[in-house]
Amino acid sequence: MQVAGRSYLIWVPHGYNPANPTPVMVGYSAFEDSTENFRNYSRLRESSVGRDAIIVYPRAIGASWEGSPTASTRPGQDIAFVRAMIDDVQRYYNIDRRRIYATGMSTGGGMAAVSACHMADLFAGVAAVSGAFYAPVNQGCQNLPVAFMAIHGTADGLTPYYGTIRRGQRVMPVPELFASYERRNRCIGGIDSRPVGHNATRVSARACMKGVEVIKVHGSNHYWWYDPSAADEMWAFLSRHSK
């Protein structure tokens, strides 16, 4: 599919019924990765996401996204494309505008954070996997609550859990990003921690207008996980939220 001079891939669930508004998941690829490769290894189609939602995979320019120092696009250019893409999908399918979500891997996870920051009027929630949270992905955000999840390895060597300087720019620590969403979503109740499977911990903010959650995968590097299943975990979280 094409819109605004750019293309995207689309997946429609087998049970799609045009009489019923259907959620949409946007999936952003990692830096220097192809849209097709992200579509395949993310296994969104094979998960609970693909059972319930239309999935769209926008194609990056220069194999990166805005907010990253590797971006080829100007600030606002990818945002405008994503908005046009959602409108284009709506031309062909009955989508639920109250249940539009985003995810992505690495720099694509940074673009998911950009989506929550600058398109909270459009997105009900996002989930970043091993997100590259360069500082610009969380600057000048809309003052609207939006569900936010990060799934991140505590031994991530590329975009460390506790932050770093990379390509001359600051990469935000995951706890700092979590705290910014606690404030934005007006959470007032502290946090809960509980195990996820045998190798991860779910940290959830309490009493929020929209959920804020991190799954810490212990001792794990820069990865898209199948154990725990990143796709199924994000959908269990995001699907509870709507505009």
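So, in which sense do E6 and E7 pair, and over how many bridges? They're parallel, with 5 bridges. If you want a spot to look at, find Val-129, which sits opposite Ile-151 in E7. And before I go on, this is a predicted model.

Okay, let's zoom out to the sheet. It's an open one with 10 strands and mixed pairing, and the order runs E1-E2-E4-E3-E5-E6-E7-E12-E11-E10. The edges are E1, residues 2–3, and E10; each has a single partner strand, so one side of each has no neighbour in the sheet.

Now the helices packing on that sheet. H1, residues 35–42, touches E2, E3, E4 and E5, and its direction makes about 145° with that of E4. Then there's H5, which touches E7, E10, E11 and E12, with its direction at about 165° to that of E12.

Back to that E10 edge for a second. E10, residues 191–196, pairs with E11, residues 200–205, in the antiparallel sense over 6 bridges. Ser-193 stands opposite Val-203 in E11. The two strands make a hairpin with 3 residues between them, and Gly-197 in the turn has a positive phi of about 60°.

Last stop, H4. That's residues 107–118, 12 of them, reaching 16 Å from the first C-alpha to the last, close to the 16 Å expected. Of those 12 residues, 11 are buried, so H4 is largely enclosed by the rest of the structure. Among the buried ones you'll find Gly-108, Gly-109, Gly-110, Met-111 and Cys-117. And what's covering them? The cover for the buried residues of H4 includes strands E3, E5, E6 and E7, plus helices H3 and H5.

Key. Residues numbered from 1 in each chain as written. Predicted model: local features only at pLDDT ≥ 70, side-chain atom pairs only at ≥ 80, totals over all residues. Heavy atoms only, no water. Helix = DSSP H or I, 4+ residues; strand = E, 2+ residues; numbered from the N terminus. Expected span 1.5 Å × (residues − 1). Buried < 20%, exposed > 50% of the residue type's maximum accessible area, 1.4 Å probe, protein only. Contact = heavy atoms within 4.5 Å. Pairing = 2+ DSSP bridges. Axes fitted to C-alpha atoms, helices over the stretch in contact; angles between N-to-C directions.
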